[in-house]
Amino acid sequence: MKYKLGIIGLGNMGGAILSGIKNDFEGRILVSTLEAPKIDIDKKNIEIINDNKYLAQNCEYILIAVKPKDSENVLKEIEPYITSQNIVISIMAGIKISSLLKSLPKAGALARVMPNLAAKINQSCSGIAFFNASQDVQNFVIYLFNRIGKVVVLEEEKMDAVTAVSGSGIAYVYYFIDSLIKAGQKVGLSQDEARALALQTALGGFKMIEAHPNQIIEDMIDAVCSKGGTTIEAIKTLKKQGFDKIIAEAVLAAYKKSIILSEDIK
């Protein structure tokens, strides 16, 4: 193949992935997009075109990064040119491997990936499910998405759960931090002060959990909650208000919606 990787679509996610890999990717990359790229592309190994058919004929790995509503047209357009030499990677939300296989029956292997928007800063968490993929193919796809964060390989049946926890979950994190900033302002901090304190505290909490992978998080919470202290009062309030149940209900709502969307998209 003329190109190692082809990317169809250069929106938020496609652009984030290209940004994450473009600096030291080994091999040539071809991008097909209708719109002018929103990122700086000054690498000799990257070419931009507006021709999905040409891309399908000349790229070994084909990453489809268009919106689900555009999937039918794109898949129909490239189907005649997909052979057993092509590995197709989809980051289209709700598009199942069975649908990809039906649309692209001659593809050599398939991968369905659910990254999140933190790919823009190489901090995504991507769930990956494979179909008919050799170890070399799996290694390349994992390598690709490791460049923009971390990877979890799992069965496709769990992809709706991945969507609910990490695909949508980054918005929950935004919501919590925004709420913490606003709460800080209510008790006398300026917006800048509350933002700085909330962001570093959230980062510190994450780093502590990451640094102690074998420690139970509930025990870490208890370690901060001195008897008769301030933290325990806050935790008591969160428990009383059903904070854990609210999070569980939010994740469940996203999970159910992901299932519905997957069923709606054929």
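**A walk through the sheet, the cores and a helix pair**

Ile-87 stands opposite Ala-109 in β6, and this pair is a convenient place to enter the structure, which is a predicted model. The strands concerned are β5 and β6, which run parallel and are joined by four bridges. On β4, Tyr-61 has Ile-87 in β5 as its bridge partner, and β4 and β5 likewise pair in the parallel sense, over four bridges.

Moving on through β4, one finds that β1 pairs with β4 in the parallel sense over five bridges, with Ile-7 standing opposite Leu-63 in β4. β4 itself is mostly covered, since five of its six residues are buried.

These pairings belong to a wider arrangement, in which eight strands form an open sheet in the order β3-β2-β1-β4-β5-β6-β7-β8, with mixed pairing. At the edges stand β3 (46–49) and β8 (149–153), and because each has a single partner strand, one side of each is left without a neighbour in the sheet. From one strand to the next, the twist averages 20°. Strands of a sheet pair through backbone hydrogen bonds, either parallel or antiparallel.

The next topic is the nonpolar side chains. In soluble globular proteins, such side chains tend to be buried together. Here the largest nonpolar core has 31 residues, and those touching the most other members are Leu-5, Ile-29, Ile-89, Val-141 and Phe-145. At least two residues of this core come from each of β1 (3–8), α1 (12–21), β2 (29–32), β4 (59–64), β5 (87–90), β6 (109–114), β7 (124–131) and α5 (135–146). Leaving aside residues up to four places away in sequence, Phe-145 touches Ile-17, Leu-63, Ile-89, Ile-91, Val-113, Ser-126, Ile-128 and Val-151. There is also a second, separate core of 26 residues, which includes Cys-59, Leu-104, Ala-107 and Met-114.

The last stop is a pair of helices. Two packed helices are described by the angle between their axes and the distance between the axes. Helix α6 (residues 159–167) packs with helix α7 (residues 169–186) at an angle of about 25°, and their axes are 5 Å apart. Angles under 35 degrees count as roughly parallel, and α6 and α7 are therefore roughly parallel to each other. Where they meet, α6 contributes Thr-163, Ala-164, Val-165, Ser-166 and Gly-167, while α7 contributes Gly-169, Ile-170 and Tyr-172. Sorted by class, this contact of α6 with α7 has four nonpolar residues, four polar residues and no charged residues.

Notes
Residues are numbered from 1 along each chain as its sequence is written. This is a predicted model: local features need pLDDT of at least 70, side-chain atom pairs count only at pLDDT 80 or more; totals for chains, interfaces and linings use all residues. Side-chain values use heavy atoms; hydrogens and water are left out. A nonpolar core is a set of buried Ala, Val, Leu, Ile, Met, Phe, Trp, Tyr and Cys residues joined through side-chain atoms within 4.5 Å. Buried means under 20% relative accessible area, exposed over 50%, partly exposed in between (1.4 Å probe, protein chains only). Contact means heavy atoms within 4.5 Å. Two strands pair if DSSP finds at least two bridges between them. Axes are lines fitted to C-alpha atoms, for helices over the stretch in contact, and angles run from 0 to 180 degrees between N-to-C directions. Angles under 35 degrees count as roughly parallel, over 145 as roughly antiparallel, 65 to 115 as roughly perpendicular and the rest as oblique. Ala, Val, Leu, Ile, Met, Phe, Trp, Tyr, Cys and Pro count as nonpolar, Asp, Glu, Lys and Arg as charged, and the others, Gly among them, as polar.
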